[in-house]
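This report describes a protein chain for a reader at the bench. The sequence and the structure are shown first, and the description follows.

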Amino acid sequence: ESATPHTEVERAALQKTLEPLDEVAGFAAVAVLNPAGELIVSRTMETRPDFYQEAVAFAELAPSAHETAEEHGLDGCSEITLGTKKNLVLIQSPELEGAVLFRVVAALGWDCDQALLAARFGEVVPELMRALGSKS
């Protein structure tokens, strides 16, 4: 079964879970995708109508990075940070018992507060895991 929420109540709860990211200066957008690349929930702070497509494209990098890290004895890869000319892109792939539950893809300005971002992700990702872990 996919991790996609089935009701408006579930979607609203997941939207609320993402709210702490609003506090991060430079936060632009976030998308939570199931392992198949389908949108679970997203949140944007600026006009990014194509962010879902961006998120899917960036999320496709995660399995290759994980495999490469494992091949080199690094026990896989659960997070990627990419610097583009316009933004930082953060990709996290939380796992439960070795299976990816979902991927979180966030776009942030270069001026973002990375320490606050790490703190907020430390709150948001476990909440998403609790909410979506039983649906994966």
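## Burial and overall form

Of the 136 residues in the chain, 41% are buried. The coordinates described here are a predicted model, and each value below is computed from that model.

A compact globule of 136 residues would have a radius of gyration near 14 Å, and because the chain has 14 Å, its radius agrees with that expectation. Taken along the principal axes, the box filled by the C-alpha atoms is roughly 40 × 35 × 25 Å.

## Secondary structure and contacts along the chain

The chain has four helices and seven strands, and along the sequence these follow the pattern α-β-β-α-α-β-β-β-β-β-α. When contacts between residues at least 6 apart in sequence are considered, 56% of them join residues at least 24 apart.

## Surface and charge

About 7300 Å² of the chain is exposed, and carbon and sulfur atoms supply 53% of that area. The chain carries 10 positive and 22 negative charges, and the mean positions of these two sets are 6 Å apart.

## The nonpolar cores

The largest nonpolar core has 23 residues, and those with the most contacts inside it are Leu18, Leu21, Val32, Phe102, Val104, Phe121 and Leu128. Two or more residues of this core come from each of helix H1 (8-18), strand E1 (27-33), strand E2 (39-44), strand E4 (87-92), strand E7 (103-109) and helix H4 (114-132). Helix H4 gives the largest share, with six residues. A second core, separate from this one, has 16 residues, including Ala31, Leu33, Ile80 and Val105.

## Leu21 and Arg120

Leu21 is among the residues with the most contacts inside the largest core. Beyond its neighbours within four places in sequence, Leu21 is in contact with Phe27, Val30, Leu117, Arg120, Phe121 and Val124.

Arg120, one of these partners of Leu21, lies in helix H4. Its relative accessibility is 16%, and Arg120 therefore counts as buried, the cut-off for that class being under 20%. When residues up to four places away in sequence are not counted, Arg120 touches Pro20, Leu21, Glu23 and Val24.

## Leu128 and Ala131 in helix H4

Leu128 is found in helix H4 and is buried, with a relative accessible area of 0%. Leaving aside neighbours within four places in sequence, Leu128 is in contact with Leu14, Thr17, Leu18, Val32, Phe102, Val104 and Gly133; of these partners, Leu18, Val32, Phe102 and Val104 are also listed among the residues with the most contacts inside the largest core. Although Leu128 and Leu101 are 27 residues apart along the chain, their C-alpha atoms are separated by 9.4 Å.

Ala131 is likewise found in helix H4, but its relative accessibility is 33%, so Ala131 counts as partly exposed. The C-alpha atoms of Ala131 and Val105, which are 26 residues apart along the chain, are separated by 17 Å.

## Asp75 in a loop

Asp75 lies in the loop between helix H3 (61-71) and strand E3 (79-83). Asp75 has a positive phi of about 55°, although it is not a glycine. With a relative accessible area of 74%, Asp75 is exposed, since that class begins over 50%.

Note on methods. Residues are numbered from 1 along each chain as its sequence is written. This is a predicted model: local features need pLDDT of at least 70, side-chain atom pairs count only at pLDDT 80 or more; totals for chains, interfaces and linings use all residues. Side-chain values use heavy atoms; hydrogens and water are left out. The radius of gyration is taken over C-alpha atoms; the globule rule is 2.2 Å times the number of residues to the power 0.38. Buried means under 20% relative accessible area, exposed over 50%, partly exposed in between (1.4 Å probe, protein chains only). Contact means heavy atoms within 4.5 Å. Accessible areas come from the Shrake-Rupley method with a 1.4 Å probe; for residues, only the protein chains shown count as cover. Lys and Arg count as positive and Asp and Glu as negative; His and the chain ends are not counted. The place of a charge is taken as NZ of Lys, CZ of Arg, CG of Asp or CD of Glu. A nonpolar core is a set of buried Ala, Val, Leu, Ile, Met, Phe, Trp, Tyr and Cys residues joined through side-chain atoms within 4.5 Å.
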